[in-house]
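Let's take a friendly walk through a protein and the ligands it holds. Have the sequence and the 3D view ready, and look up each residue as its name comes along.

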Amino acid sequence: MKILITGGAGFIGSNFIHYWMKKYSQDEIVNLDKLTYAGNLSNLRIVENLPNYHFIKGDITDKKLLEKLFKKENFDLIVHFAAESHVDRSITDPDIFLKTNILGTHNLLCMALKNRTRFHHVSTDEVFGSLKKNDPAFNEKTPYDPRSPYSASKAASDHLVRAYFHTYELPITISNCSNNYGPFHFPEKLFPLFITNLLENKKIPLYGDGEAVRDWLYVEDHCRAIDTIIKKGKIGETYCIGGNSEKSNKEVTYKILALLDKNEKMIEFVKDRPGHDQRYAIDFSKIKNELGWEPSVSFEDGIKKTIDWFSTNKAWWKSIKNGKYKEYYDKQYANH
Ligand code: NAD
Ligand code: DAU
């Protein structure tokens, strides 16, 4: 099978490439990635010299490039990860989110349609909005209610993918997943930011009162869920993927502090994220009952594995944090 993976140099995309090439070593993978600030080819050192792995630096909003690529290659499957993914950046600079997440996805759908290529769209639970404390968890029937430019752009992309199924019978599936954590996580997000700051003995900026809740899933479990949907999912369907690990940001923070032998003095309570979604939770019974997937890594184990990874791969995150990232960090946290 020949697979086009978009955004394969990012956090989840690179984990997915490692996962797939280990499990299906006969398949051929083409990784198309623009290498934005979040794309990092050093995530792919282990596979970069394999004869069945190819990297193309390119932008999914570049129609000409896509046309050339699809003329040359005949893909059996597209797994679409490429996106602008950070909520805070979408608040300060939304334009690129609309361009990449909406127009970029649309360009890929056009290409897929020409060739009737099977298309899996990797999306997020954020499209469903924000839950109150006792609300039932999101499921596939929850109405869309995105509240940040990021989630609105992902919601738009989901609608387009579904429209291509209903209108043109393009063979698609969609997954809406909760918060991932694990190796190669870009240190702008809560988990890697807090772990790496603490490893550098720097304070950690907790938004608002720290009571916002997220559901956490170890990234390899997400990769396995996408694999399950590709192999066993029903065309045209959406699957919600969750970690069964609802935690407040404060709980996560205290856990990380304890594992790194630090105390709460390292926490700096800072101004809240505008429009901060207070709670996400996922009911993943559809993928569990119909396809037999459920998370396999507990939060306890996942967090230890993740801290281990960041502790032994300091060169990876230090080279990111020393570069342009510093400018972003100083600006992002200046007014907090
Ligand atoms: P990431 O920001 O780490 O990586 C995104 C990758 O996409 C980068 O390699 C970047 O260079 C590439 N990219 C960005 N714009 C591009 C463009 N115009 N053309 C080609 N490549 C481009 O993101 P991530 O956390 O790995 O998320 C991957 C996907 O999973 C996204 O679609 C995101 O919405 C979704 N998702 C993420 C999470 C999470 O917790 N991180 C949870 C659910 C769903
Ligand atoms: O739910 C899935 C989504 O999870 C994905 O679609 C997004 O791509 C991904 O970035 C993630 O979004 P969040 O906004 O939930 O993740 P983030 O790590 O940015 O924030 C997690 C929680 O931690 C959130 O409640 C905000 C809080 N936070 C975050 C940062 C960066 C802080 O308190 N301080 C921080 O410095």
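## A term to start with

A polar contact is a pair of N or O atoms within 3.5 Å. With that in hand, look at Leu-190: one of its backbone N or O atoms lies 2.8 Å from an oxygen atom of ligand 2, so this pair falls within the 3.5 Å limit and counts as a polar contact. Please keep in mind that the model you are viewing is predicted.

## Around ligand 2

Leu-190 is not alone here. A backbone N or O atom of Ser-85 lies 2.8 Å from an oxygen atom of ligand 2, and a polar backbone atom of Tyr-207 is 2.8 Å from an oxygen atom of this ligand. On its own, ligand 2 has 680 Å² of accessible area, and the protein covers 94% of it. Three elements give two or more residues to the shell: helix H3 (87-92), helix H6 (190-199) and strand S8 (204-207).

How many residues surround ligand 2? There are 26, and the closest are Asp-125, Tyr-150, Arg-273, His-276 and Tyr-333. Sorted by class, the shell around ligand 2 holds twelve nonpolar, seven polar and seven charged residues.

## Around ligand 1

Now turn to ligand 1, which is surrounded by 28 residues. The closest are Ile-12, Asp-33, Ser-85, Tyr-150 and Lys-154. By class, the shell around ligand 1 has twelve nonpolar, twelve polar and four charged residues. At least two residues of this shell come from each of helix H1 (11-23), strand S5 (118-124), helix H5 (149-168) and strand S7 (179-181). Strand S5 gives the most, with three residues.

Which part of Lys-154 comes 2.6 Å from an oxygen atom of ligand 1, side chain or backbone? For Lys-154, a polar side-chain atom sits at that distance. With Thr-36, a backbone N or O atom lies 3.0 Å from an oxygen atom of ligand 1. With Ile-60, a backbone N or O atom lies 3.0 Å from a nitrogen atom of the ligand. The protein covers 97% of the 840 Å² of accessible area that ligand 1 has on its own.

## Rings that pair up

A pair of aromatic rings is described by the distance of the centres and the angle of the planes. A search of the whole structure finds 28 aromatic pairs. One of them joins Tyr-181 and Tyr-218 edge-to-face, at 5.6 Å centre to centre and 75° between the planes. This pair links distant parts of the chain: Tyr-181 belongs to strand S7 and Tyr-218 to strand S9 (residues 213-218), 37 residues apart.

Are these two rings in buried or exposed residues? Tyr-181 has a relative accessible area of 1%, so it is buried. Tyr-218 is buried as well, with a relative accessible area of 5%. Another pair, Tyr-329 and Tyr-333, is tilted, with 4.7 Å centre to centre and 40° between the planes. Both Tyr-329 and Tyr-333 are buried.

## A cluster and two charged neighbours

Tyr-329 and Tyr-333 also belong to one aromatic cluster, together with Tyr-37, Phe-186, Tyr-207, Tyr-325 and Tyr-328. You have met Tyr-207 and Tyr-333 before: Tyr-207 has a backbone atom 2.8 Å from an oxygen atom of ligand 2, and Tyr-333 is among the closest residues to ligand 2.

Some rings have a charged residue over the face. Arg-89 lies over the face of Tyr-328, at 3.9 Å from the ring centre. Lys-286 lies over the face of Tyr-239, at 4.7 Å from the ring centre.

Key. Residues are numbered from 1 along each chain as its sequence is written. Chains are lettered from A and ligands numbered from 1 in the order in which they are written. This is a predicted model: local features need pLDDT of at least 70, side-chain atom pairs count only at pLDDT 80 or more; totals for chains, interfaces and linings use all residues. Side-chain values use heavy atoms; hydrogens and water are left out. A residue is near a molecule or strand if one of its heavy atoms lies within 4 Å of it. A polar contact is a pair of N or O atoms within 3.5 Å; within protein, one must be able to donate a hydrogen and the other to accept it, and residues adjacent in sequence count only if both atoms are side-chain atoms. Accessible areas come from the Shrake-Rupley method with a 1.4 Å probe; for residues, only the protein chains shown count as cover. Helices (H or I, at least four residues) and strands (E, at least two) are DSSP runs, numbered from the N terminus. Ala, Val, Leu, Ile, Met, Phe, Trp, Tyr, Cys and Pro count as nonpolar, Asp, Glu, Lys and Arg as charged, and the others, Gly among them, as polar. Rings of Phe, Tyr and Trp (its six-membered ring) pair if their centres lie within 6.5 Å; planes under 30 degrees apart count as stacked, over 60 as edge-to-face and the rest as tilted. Buried means under 20% relative accessible area, exposed over 50%, partly exposed in between (1.4 Å probe, protein chains only). A charge sits over a ring if NZ of Lys or CZ of Arg is within 6 Å of the ring centre and within 35 degrees of the ring normal.
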